[in-house]
Every structure is written in structure tokens, then in C-alpha cells.
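User: I'm new to this structure and would love a close look at one small part of it. Could you start there and then lead me outward, step by step?

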Amino acid sequence: MDDRVARLADVIVGYSTSVGEGDVVLIESSPVGAPLVRAVYRRVLEAGGHPEPRLAVDGFAEALLAHGSEEQLAWLNPARREDFERADIRIVLEAETNTRALSGVDPARIQTVGRTREPLRELTFRRAAAGELRWTITAFPTNAGAQEADMSLAGYEDFVYGAGRLDADDPVAEWQRFGAELRTVAEWLGTKRELRVVADGTDLTLGTEGRTWIPSEGKENFPDGEIFTGPVETSLEGEIHFSFPSTFHGRIVEDVRLRFRQGEVVEATAARGGQFLQSMIAMDDGARRAGEFAFGMNDAITEFTKNTLFDEKIGGTVHLALGRSYPETGGVNESALHWDLVCDLRGGSEVYADGELVYRDGHFLPDIR
Amino acid sequence: MTDPRVDRLAGLVVGYSLELGEGDVLRIDGLDVAAPLALAVYRSALAAGARPYANLTLDGLLELLLEHGSEEQLEFISSTQWKEIETIDALVTIWSEANTRSLSRVEPTRHSRYIAAHRKLANTRWERISKGEMAWCGTLHPTPAHAQDADMSLEEYEDFVFAACHVDEEGAADHWRKVSRSLSARARSLETVRELRVVGPDTDLRLGVGGRTWLAADGRFNLPDGEVFTSPVETETEGDIRFGFPGIFQGREVDDVRLRFEGGQVVAAEAARGEDYLRSLLDMDGGSRVVGELAFGLNYEIDRFTRNILFDEKIGGTIHTALGAGFPQTGGTNSSGLHWDLICDLREEGEVYADGELIWKAGAFLAEPALEAV
């Protein structure tokens, strides 16, 4: 077995979630993630926790979406809800066999299932904010992920494990060092009231006063490397162009352009997947508002791979999520949607904080770091 | 493409065995290697208006727990597991393995500790099943591991499994309804018997069955199925029996088991291979030397031993006795942590006498029982 799998398990269990004696640990994955599931399961046992695997197997979600009645789509398994109520830790090991399995499904039905599962998401965020639950999402490299990224499996494995610094002698020390750097920038951003992002097709201002900037240092996502907040819900003005395509629920949407007025999307276009985009922002009242704004800071991620876990951390990008905000940022937007859209700032771009130029062409200016 | 027999088996489980209806919550248990059948059951349950969900795990995880878990971890049962078993309307267990010997090197005491801790959960499940509060069916999706145990190719094994379940053609539910009527009639006729005497190679065993209920295993709780069984009177087993097929318990085989009973208890035991293990099982607890089950295997689609009790105990023309726990619903009172089915092949030269009258010869009952009005 690739020894980087065992190292990833070590980091996830020992650093990201700090599993301890008696912790109930949900391990959510699929059978193609088996090598990582087994490695994590073993580490959890060694840490004294209670590993509880929850495997999603190909075909079940598709069958429900294709054949389920409205009543069946709206049924939330009480056992899953209880999992989310009592778990101390959720470890999500993404492992896909087909990233497009849901492409042919009616988006309205996907939304119904999204609404059904909303209490689970709500529980995760609420309990995490209250310090009752720790969670992390990571990715196990599969052929489907590699294909989505236009890479060979071996090349994709190098990409994934490289982004997690698992080749380093002491990956945890690397993450601690990187985390300290992110915290410095986050604290500094916390002193600012307004940001303005200017790039090709983009001129967006957003208010962040009173909101908390959170450094993502490999705890809830792995790999990681971003600084995010929940912008003031009514503050967004202007337009933003997302140069990277976005895959969401197996759909691809390209060249998204959004115009905001008083925090609401008033115009949304896409070169591809426009209808899907419209149906997503019409999902509920909160789906038209930004729940998250963030800087991607992981310079080991340079390529776009159509997986948000990696894309939103590409060093030199910003991303904005439509929908639900993270309460720990102070954001109050509620929605069943949380859709990250990534904007590449590595070409010509500028970011101003309270009118002062602080970021250019993908990097914060040296004097603030 | 899906094997149509998988879909038929799923339809049989959902429609006939579980009789799932609108809103019923169904949990589907198994390993990921059971996924094709689990998915077919899921679809079929959706079509029936039920609320199915999969509870699939990976092979190798139990092994890790048994190898590395602390006592506390081995014994841990979550509140959700309790709640599920107390509330779900139906359960399908797909016993398919990726490797039937994955636990053979596990330390037996650790495995026993795990089983003992989980027995309460199993008991609650069985209580709800007996009371009719929960439907349950145990079945199998053919995998290479099981084919290997059966000395077959996967394709041959698939043919074997699906024929045994009678899903190699349409109309499986009708077939099992017919089987059910015939087995029930057989069970009723056996309830008039006080003593059975089994005679075969190195076998002359008398078992008291007076006052006990015989049950028809007709495809509700197992697929495939096809036996009639009871728990014999605990103190009335006398004589000798030799089991022509290996006895398998928790993946370990004991060959050519010979037992002598007096007053219902095993008083002598021999085996050609695995005799130490045989003795350790007999010494497990106070009930492990007593016969908890006596049954006739009557599924004649199952014509060979495949090292899987789901099939072996139903081989048409065999009888089996289980050492250990009896079935309360048949009137059985023996309690034990053991329930070990041992199969005696009566197809060549076996005879069974009911209160002195010959009722079975060369692997079949001599007369058809009177069918009850349907």
C-alpha cells in the first residue's frame, strides 16, 4: 500500500480531528476508499475511539433520485440524524467512482433531497460551532477524481498527497507552521471593514465589519489552506466572474457571472449550465446571498481539478459561496445551498481593504504578511 | 447489466419474505461485496413504497476491531444501534463475505467477548422478529469467496444459489407459497409424533419431540429455505449419531463428528479432525451439550455441501441437529451461547421412524402429508 495513505490517516486522526479515548467517530466514505477507510479505522481504534463506518455505495442515491416518491425523497432516516446528534467526530473520506453519476437527475429532485438532509448539515454546523463536534473532509484519490482533473491516477495521487504535504518528513509540523501564517493574515483581515476585488470581469465590494476571519489550517478540510469569513449579508455590490468551471452535484457550470445588489444576486449567467445555475439560486431565500468569502492560500495547489476541496484552496484565488454561511464567522445567512465558486486572481487582479491595496496578482503584499 | 436473477431474488425478499408495505423502514445489512443484491433490494423496496436504507460496511474492519480493539471497544454498542433494532420494521441481512476465513486467525477469546457483548442486541432483534414486530430475512449474494468454499466457479455458484432460491425463473413467490403449504402440512403431521428414531451409518439416535411445535422454514426468514424444524425434548436424546458433512463454526471445520447422547446430554464425542475445537465448543456452557434443534432438510435444489450453513442445512435428504440454543417458539427451553448445526446425510441409506413407523427412507419422506385447506 502507498505509505502516504497511512500518513494521511495519521494526520486526519491525530491532527485534524484529534481523536481521543471514547470518542464516537463516524467514518463516511465509499468502498473505493477502502484502503483509507481501513487505515483511519485502525488509527481511531489505536487512539481509543469508537469507529463507526458509514459507507455510501454506488447506485443507491441514483436509485432514490430516479425512482423515489416525493414522500421517499423527503424521508430522513432517524438513525442518520441520531448519528449526527451523538457523534464526537465526523471524518468524511471522499472517494468517488463517478463524479457525474447524478448528471441526468432532475435538479428539483436533488434539491428535495438536499432539503431533506438539511437538518444533518444544520446539526454539523451548530454542534461544531458549540464545540460539541469535530469534523473533517478529505479526499482519497480515485480514477474518477483523476479523470475529473485530467490526470493519470498516479499523477493525481501525487497532486493530492502533495497538497496535503504528506511527502514532508513531519506533515503535522508543516501544517502547524502554515496554520500560524494563516492566522496572522486572518487576524489582520479582521481589522478591515470592506474589501473590494478587482479583476477581469470582476469588481465586487463586500462588507466584513464585525465578522470573523477563520484560518483553515487542516482541521475541517484536509488538505487545507484558506481564510474565510461570512460577509455582511446585505453588503455585496457589483459583479464577479468565476473563471473556473464549477461542478456541483455532478453538474458542470462554466463561466459564471453574478451581479449583486444589496447583497442579493440580481443577475446570473453562465456559458454552460445556466439553467442549473438559475434553479440553484432559486432554491430558497438564502441561495441568492453569499454565505462565505475566502482567500485560497495553498501554494502546493496550483491546478484546477474540478474538486472544490482542492480548488477553493488554490493559492492566488478567492471564492464565494452562495447560500449558507458558517455561524462561527458571524454570518447569519441560511439556505439549503452552499455552493463554492472560485475566481482566479493569479492573472491581473487587485484587492483593496478599506481602500488600501493589499493584494495583487494572487498574493497579499509583503508588508501585511 | 444486472443479472435478472438478482432482481428476482430482491423482489422475492421484499414482496414475499418481508411483505414490505408503504412507509415500512427497511435496513439492508451487509458488506460492500453484497452491493448488487443490496441495491436490487433497495430499488424493490422503493417500488413497494417503503423507506429502505443501506447499512453496508467493508470487509476487513471487523478483523481490525477484533485484532486491535480494547475490551471497551470490542464491547461498544452505540445508542443508534439499539434504537434501530428497536424501531425498524424490517431487516435484510446479506451474509456475503469477501473472504470467509478472514477471522480464522483472530484470538477466540476476543471474538467470544465481541459476540457475547453483541448477544443482547441479537436477542432484542430476535424477540421483535418472534413477536412479529419486525420482519427479517437472511440471504446471500454469490461472491467468489463462497464459490471457492463450495469448490465451484463463480458462474456455477451463481447458478447454484439462484436455483436454490428458485429465482432462475419467474414465479418464485408462487413456488415458495407452494413450498410453504407443503412444509406446513409436514410440520403439522410431525406434531403428532412422540419419538423420532434416526438410523443411518454409525447412527441410531432417538429424540423425543412430544408436545413440541414444528415450524416450516418457508422462505420468510431465509432465502433459500426449505426445512421443517423443532427443538426436541431436552432430556430425551439417546444414542449415537455420525455427521457425514464437516461441522463448521465461526469458519473452523471439524470433520466426521460422532456424538453419543444419554439423557439428552452428549456423553462422548469424537472427530477425525478438530476434536479439540469440538470439545471446547461442547464445554462452552451448560446448554452446549444438548440438542437445541432437529430438522429435516427438504430443498432438493440444494444437492451438495458448500460449506455454508444457509444452504447446507437445507440440503434435500439430510437431517441436522444443532447443539446449543433451542427455539422458544417451538417449545424449546435449552439456552446456550452455542447454536451449531451439524448435518447428517441420509440420502443414501438413512431411515427415520416415527413412534416405530418408517416415515423416511433414502433421503425423502415416504408419504406426502395431507395439505391443509388454503
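Analyst: A:Asp255 counts as partly exposed, because its C-beta has 17 C-beta neighbours inside 10 Å. Please keep in mind that this is a predicted model. A:Asp255 sits in a loop of chain A, with strand E12 (251-253) before it and strand E13 (256-261) after it. What is the sign of phi at A:Asp255? Phi there is positive, near 60°, and the residue is not a glycine. That deserves a second look, because most residues other than glycine have a negative phi.

A:Arg165 makes a nice partner for this comparison. Its phi is also positive, about 55°, and it is not a glycine either. You will find A:Arg165 in the loop that leads from helix H8 (153-163) to H9 of chain A. Is A:Arg165 buried or exposed? It counts as buried, because 22 C-beta neighbours fall inside 10 Å. The cut-off for buried is 20 or more such neighbours, while a residue with 12 or fewer is exposed and one in between is partly exposed. So A:Asp255, with 17, comes out as partly exposed.

Two more positive phi values turn up in hairpins of chain A. Strand E18 (residues 349-353) and strand E19 (residues 356-360) of chain A pair in the antiparallel sense over 4 bridges. Across this pairing, A:Tyr352 stands opposite A:Leu357 of E19(A). The hairpin of E18(A) and E19(A) has 2 residues between the strands, and here A:Asp354 has a positive phi near 50°. E19(A) then pairs with strand E20 (residues 363-364) of chain A, antiparallel and over 2 bridges. In that pairing A:Tyr359 faces A:Phe364 of E20(A). The hairpin of E19(A) and E20(A) again has 2 residues between the strands, with A:Asp361 at a positive phi near 50°.

Let's move to a sheet in chain A. Which strands does this open sheet contain, and in what order? There are 5 strands, ordered E7-E9-E15-E16-E17, with antiparallel pairing. Strand E7 (214-216) and strand E17 (338-344) of chain A are the edges, each pairing on one side only. Neighbouring strands of this sheet are turned by 25° against each other on average, with direction ignored. Inside the sheet, strand E9 (residues 226-229) and strand E15 (residues 290-296) of chain A pair over 4 bridges, antiparallel. A:Ile227 stands opposite A:Phe295 in E15(A). Helix H9 (residues 171-189) of chain A lies across E7 and E9 of chain A, at about 160° to E7(A).

Just before E9 there is another backbone feature to look for. A:Phe222 and A:Pro223 are joined by a cis peptide bond, with omega about 0°. A:Pro223 lies in the loop between strand E8 (221-222) and E9 of chain A. Chain B has a cis peptide bond too, joining B:Leu223 and B:Pro224, and omega is about 0° here. B:Pro224 is in the loop between strand E7 (215-217) and strand E8 (227-230) of chain B. These bonds are worth finding, because most peptide bonds are trans.

Now step back to chain A as a whole. It is divided into domain 1 (3-140) and domain 2 (171-368), and the C-alpha centres of these two domains of chain A lie 24 Å apart. Their contact takes 26 residues from domain 1 of chain A and 21 residues from domain 2 of chain A. On the domain 1 side, helix H1 (3-16), helix H6 (107-129) and strand E4 (134-139) of chain A each supply at least two residues. H6(A) gives the largest share of that side, 9 residues. By class, the domain 1 side has 13 nonpolar, 8 polar and 5 charged residues.

Last comes the meeting of the chains, where 27 residues of chain B are in contact with 28 residues of chain A. On the chain B side, the elements giving two or more residues are helix H2 (35-47), strand E2 (51-57), helix H3 (61-68) and helix H5 (79-87) of chain B. H2(B) provides the largest share, 6 residues. This side of chain B has 13 nonpolar, 9 polar and 5 charged residues.

How values were computed
Residues are numbered from 1 along each chain as its sequence is written. Chains are lettered from A and ligands numbered from 1 in the order in which they are written. This is a predicted model: local features need pLDDT of at least 70, side-chain atom pairs count only at pLDDT 80 or more; totals for chains, interfaces and linings use all residues. Domain bounds come from an automatic or database domain assignment. Two residues are in contact if their C-beta atoms, placed from the backbone, lie within 7 Å. Ala, Val, Leu, Ile, Met, Phe, Trp, Tyr, Cys and Pro count as nonpolar, Asp, Glu, Lys and Arg as charged, and the others, Gly among them, as polar. Two strands pair if DSSP finds at least two bridges between them. Axes are lines fitted to C-alpha atoms, for helices over the stretch in contact, and angles run from 0 to 180 degrees between N-to-C directions.
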